[in-house]
Amino acid sequence: MKEISVRSSSRFEMIDITEAVRKTAREEKIESGIVLVYTPHTTAAVTINENADPDVPRDLLAALDRAVPLSANYRHTEGNSAAHVKSSMVGASEMVIIENGRLVLGTWQSIFFCEFDGPRSRKVIVKFLT
Ligand code: ZN
């Protein structure tokens, strides 16, 4: 198991962590297997989507914000219920295949850490299944 530190700089943010995941796979000399990319937070998520056009992650965050507004008579008193809901909608993890020492991702795919209640210091856990 490896840990990747992530520092978000705004309340909502999608941070590309593909290179960090690739680096850990290289360090562990993984030739073939699966990597589980998991975040142990209740107001963040991990997803795979396009990073070639920065408008895609921007649109994603905007769409999630429209679907789950910041205030909507939530009962949770911390004031971050929308972040908890988005975290469950997007999910805490992704799995990626590793073959011939490379992450099997599509041309436009990147692995994103999704911040829904930043800015904060966060962590992403990476576990290789070989
Ligand atoms: Zn909360």
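Where do arginine 22 and glutamate 19 both lie, and how many residues apart are they? The legends below take up this pair together with other close-up views of the structure, which is a predicted model.

**View 1. A salt bridge within helix 1 joins arginine 22 and glutamate 19.** Both residues belong to helix 1, where they stand three residues apart, about one turn of the helix. Their side chains meet in a salt bridge, with an N to O distance of 2.5 Å. Arginine 22 counts as partly exposed at 29% relative accessibility, and glutamate 19 also counts as partly exposed, at 46%. Side chains of opposite charge can pair when their charged atoms come close.

**View 2. Glutamate 27 of helix 1 meets lysine 2 of strand 1 in a salt bridge.** The N to O distance between the two side chains is 3.3 Å. Because glutamate 27 lies in helix 1 and lysine 2 in strand 1, the pair ties together parts that are 25 residues apart in sequence. Glutamate 27 is partly exposed, with a relative accessible area of 40%, and lysine 2 is partly exposed with a value of 26%. The two residues also take part in a network of salt bridges that links Lys2, Lys23, Glu27 and Glu28. For the structure as a whole, the count of salt bridges comes to eight.

**View 3. Aspartate 65 and lysine 86 form a salt bridge between two helices.** The closest N and O atoms of this pair are 3.2 Å apart. The bridge links distant parts of the chain, since aspartate 65 lies in helix 2 (residues 55–67) and lysine 86 in helix 3 (residues 81–90), 21 residues apart. Aspartate 65 counts as partly exposed at 29% relative accessibility, whereas lysine 86 is buried, with a relative accessible area of 1%.

**View 4. The largest nonpolar core has 21 residues.** Those with the most contacts inside this core are Ile17, Val21, Val35, Val37, Leu103 and Ile111. Several elements each supply at least two residues of the core, including helix 1 (18–27), strand 1 (2–7), strand 3 (33–38) and strand 8 (121–129). Valine 35, when residues up to four places away in sequence are not counted, touches Val21, Glu94, Met95, Val96, Ile98, Leu103, Val126, Lys127 and Phe128. Apart from the largest core lies another core, of eight residues, among them Met14, Ala45, Cys114 and Phe116. In soluble globular proteins, nonpolar side chains tend to be buried together.

**View 5. Leucine 61 is a buried residue of helix 2.** Its relative accessible area is 16%, and leucine 61 is therefore buried, the cut-off being under 20%. Leaving aside neighbours within four places in sequence, leucine 61 is in contact with Phe12, Glu13, Met14 and Phe116. The C-alpha atoms of leucine 61 and cysteine 114 are separated by 8.8 Å, although the two residues are 53 residues apart along the chain.

**View 6. A search of the whole structure finds one cavity of 30 Å³ or more.** About 30 Å³ of space lies in this largest cavity. The residues that line the largest cavity are Arg11, Phe12, Leu70, Gly79, Asn80, Ser81, Ala82, Ala83, Phe116 and Asp117. Sorted by class, the lining has five nonpolar, three polar and two charged residues.

Terms used
Residues are numbered from 1 along each chain as its sequence is written. This is a predicted model: local features need pLDDT of at least 70, side-chain atom pairs count only at pLDDT 80 or more; totals for chains, interfaces and linings use all residues. Side-chain values use heavy atoms; hydrogens and water are left out. On a 1 Å grid over the protein atoms alone, a cavity is a set of points where a 1.4 Å probe fits but cannot get out, and a pocket is an open set with protein on both sides within 12 Å along at least five of seven lines; lining residues have an atom within 4 Å of a point. Grid points are joined across faces, edges and corners, and a volume is the space filled by probe spheres set on the points. Ala, Val, Leu, Ile, Met, Phe, Trp, Tyr, Cys and Pro count as nonpolar, Asp, Glu, Lys and Arg as charged, and the others, Gly among them, as polar. A nonpolar core is a set of buried Ala, Val, Leu, Ile, Met, Phe, Trp, Tyr and Cys residues joined through side-chain atoms within 4.5 Å. Buried means under 20% relative accessible area, exposed over 50%, partly exposed in between (1.4 Å probe, protein chains only). Helices (H or I, at least four residues) and strands (E, at least two) are DSSP runs, numbered from the N terminus. Contact means heavy atoms within 4.5 Å. A salt bridge is a side-chain nitrogen of Lys or Arg within 4 Å of a carboxyl oxygen of Asp or Glu.
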